[in-house]
Amino acid sequence: MKAPAGAPLRQLVLKIHSRCDLACDHCYVYEHADRSWQARPKVMAEETAARTARRLADYARSHELDSVSVILHGGEPLLAGPARIRAICAELRATVGAVTDLDLAVHTNGVQLSRRHLDVFKEFDVRVGISLDGDRVANDRHRLDRRGRSSYDRVLRAVALLRTPEYRHLFGGLLCTVDVDNDPLAVHEALTELDPPRIDYLLPHSTWDTPPPRGSSGSPTPYADWLLAVFDRWLEQGQKVPVRTFDSVLSTLRGGPSLTEAMGLAPTDLAVVETDGAFEQADSLKVAYDGAPATGYDVFRHGFDAFVRHPGVQARRLGIAGVSETCRRCPVVQSCGGGLYAHRYSSERLFDNPSVFCADLRALVDGIAERITERAYFPGLTDPGELRLALLERDRELLAHLNDRLAGDADWDETWQSLLHLDADERTAAHLDRVLAHSHVRASLAQAPVGVELTARVASVAVAAAVQARSSLRLSWLHDGGVLHLPTLGTLNLPSPARIQAEVDGARLTVTLPDGHRIKVKGDAPAPGWRPSVHVDMPGGEQVLVDDTDPWRDRFHAEVAEPLELSALAAFAEQLRTAHRTLSEQDPGWADGPDALRADTVTPLAPGTGVRLDTDGTGALGVALDATSADIADALPRLGRLARLANLRRATDLHVPGTRAGSLLTDAVEALAQGDRARAECALEELAGPAAPDLTETGAALVEELRAEAGPARG
């Protein structure tokens, strides 16, 4: 049987009640084409919940998933009552939680929310998301109860209850369905005044057969206009409340992942189980036609692997191959992803269409891209010192963002205070900069899951900086691993994952384990389980770190080598020195040029993998153990060009994000690096012509630099 496309499923929407106490006229469950809710039991039976939990646990175990999410949903899930909800949560925690980390959430309209519900959610750590469409006028336009009464005051009481100290940690966020006849700023202000941890702005579920309301403005893109008005206010407010739609566009424009199923090309990782145990696809498909989400599978006869192999599920996991030809040609497809799958439907072409919101999505992505583009000239284009400072500023911005998310966790708060202390002292700040600039550290800060692992990584950064500075520091944290790696210093093997305390006194580090055992480390001096990092002196006085133990070094699309024996390490270092000497003899000024590769770390790779940059382009160099000095010398100038381009992109804008200018710049730099002048000239010609308006001043200056290097255009 053909293997399923895409990564394993990680989210389950569990329909624990199939009816609702509101009569929202924009509801995709009750007010659109699908009528399957009428034949389903109102409440999920305990046997159905138990069977679902066992199926999910089996799936998580077989795919070795480190975490899964279950969202309690409806209808209105709170109508199941606190006792039934408690039984379902207990079953999920006992069955699924025994196999993997379980993230539980509930999506509710909030009308029924009480302390009895919240006490259950507190017991089982269930995050609560509430639907609210803005201020009273906006909310009551659609969200009335079955007697035509406003739900607004009851929902606000629910939010107020969630914001009390006892339950605040359960508040997951607010979900708002956009109506372009509502005042966007009034809606946004009303929602932000409630201080939610997150806001989701959702487009109303629509298809080409049942298109969305367009409002009275006459604009061809009223939804983009509405959202961009909110985006502008959000920027003015300092982005103090995360907005998932905006964060997703910002992420994808910069080459990151999509953060929402509604946009981006990531394969869906979601399954739905209805109150009768039936497996269904995403609820949004209910707007397409009656029975659109159905699979014919259920938890009594089928597992999650069978569900994933269903043709309808597979169709939503094809990435760029699964969107229409129109979308594949569109420059913003990486951000909008062709829109939500359900919104592409028409009875004539089924789902082989752009989204019914296509024009709005294009205008939204383009509008955000233009608003965030820094067009002014960046001196770091030609000044490596300015570039280095700009990259360090990005590191600090990332740390501040992480602090916004982790503040309140005791281990993180202690670590954060240590960073502030190190940064405030001129005697230690430069050493902190040095460790933060380490390419593997940069990658881990950007990519590590927010939680224990990330806190431990940042704590190790603080400890390493304190040791480098010969300072004093005491820090304790839960270290979820058997290896403590101190970036730029070395690696300490621990008996097991544990809460550790690190104390720095000058150049001496003492690590205390829970049983009171102490491990003392000082520089290169021998110590039980301690392996110091190796720094290689290069011609010209520079040093390069050879890092064969950092747990984040596996970033080269190639197999990394196991830690080396001293003799192999010495031979490896000599190849690096010889390569640098060869380059210096061939071109005495190469190391001072703007395209010189200033790699701060070199990672030994398995034989046969060549010489390559890390996948993030942060400047880490990977070198195969069998690479010769000639191989290395030949690769360094080429890789230096690519690393410079990656660092410039991290520091400033070279073009409007999401435009073709980005791929053309990459093509030009890669072609020149490979000596392919004809290909470079082709890209540069387009950059000087049709794509020129999308370049910033810095990007235009870089193009001129590349054109001068490529030589005069052929006549």
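**Exercise 1. Cysteines**

Task: In this predicted model, explain why the sulfur of Cys358 forms no bond with the closest cysteine sulfur.

Solution.
Step 1. Find the partner candidate: the cysteine sulfur closest to that of Cys358 belongs to Cys327.
Step 2. Compare the separation with the cut-off. The two sulfurs are 5.9 Å apart, while a disulfide requires a pair within 2.5 Å. The distance is therefore too far for a bond.
Step 3. Extend the search. Across the whole structure, zero disulfides are found. Cys327 is accordingly in none, and the nearest cysteine sulfur to its own, that of Cys336, lies 5.9 Å away.
Step 4. Add the surroundings. Cys327 has a relative accessible area of 7% and is buried, whereas Cys358, at 35% relative accessibility, is partly exposed.

**Exercise 2. Nonpolar cores**

Task: State which residues of the largest nonpolar core touch the most other members, and which helix gives the most to this core.

Solution.
Step 1. The largest nonpolar core has 89 residues, and those touching the most other members are Leu14, Leu72, Leu92, Phe121, Tyr201 and Ile368.
Step 2. Helix H7, residues 222-236, gives the most to this core, contributing eight residues.
Step 3. Take Tyr201 as a case. Leaving out residues up to four places away in sequence, its contacts include Trp226, Leu227 and Val230, and also Cys176, Val178 and His188.
Step 4. Apart from this core lies another, of 43 residues, including Val458, Ala464, Leu473 and Leu486.

**Exercise 3. Leu399**

Task: Determine whether Leu399 is buried or exposed, and list what Leu399 contacts beyond four places in sequence.

Solution.
Step 1. Place the residue: Leu399 belongs to helix H14, which spans residues 384-406.
Step 2. The relative accessibility of Leu399 is 6%, so the residue counts as buried, the limit being under 20%.
Step 3. With neighbours within four places set aside, Leu399 is in contact with Trp412, Trp416, Leu419, Leu436, Leu445 and Val458.
Step 4. For scale, Ser216 is 183 residues from Leu399 in sequence, and their C-alpha atoms are 44 Å apart.

**Exercise 4. Ser206**

Task: Locate Ser206 and identify the backbone oxygen that its side chain reaches.

Solution.
Step 1. Ser206 sits in the loop between strand S6 (199-202) and H7.
Step 2. Ser206 counts as buried because its relative accessibility is 3%.
Step 3. Its side chain reaches the backbone oxygen of Pro204 at 3.0 Å.
Step 4. Not counting residues up to four places away in sequence, Ser206 touches Pro211, Pro212, Val287, Ala342, His343, Val356 and Phe357.

Note on methods: Residues numbered from 1 in each chain as written. Predicted model: local features only at pLDDT ≥ 70, side-chain atom pairs only at ≥ 80, totals over all residues. Heavy atoms only, no water. Buried < 20%, exposed > 50% of the residue type's maximum accessible area, 1.4 Å probe, protein only. Core = buried A, V, L, I, M, F, W, Y, C linked by side-chain atoms within 4.5 Å. Helix = DSSP H or I, 4+ residues; strand = E, 2+ residues; numbered from the N terminus. Contact = heavy atoms within 4.5 Å. Polar contact = N/O pair within 3.5 Å; in protein donor to acceptor, adjacent residues only side chain to side chain.
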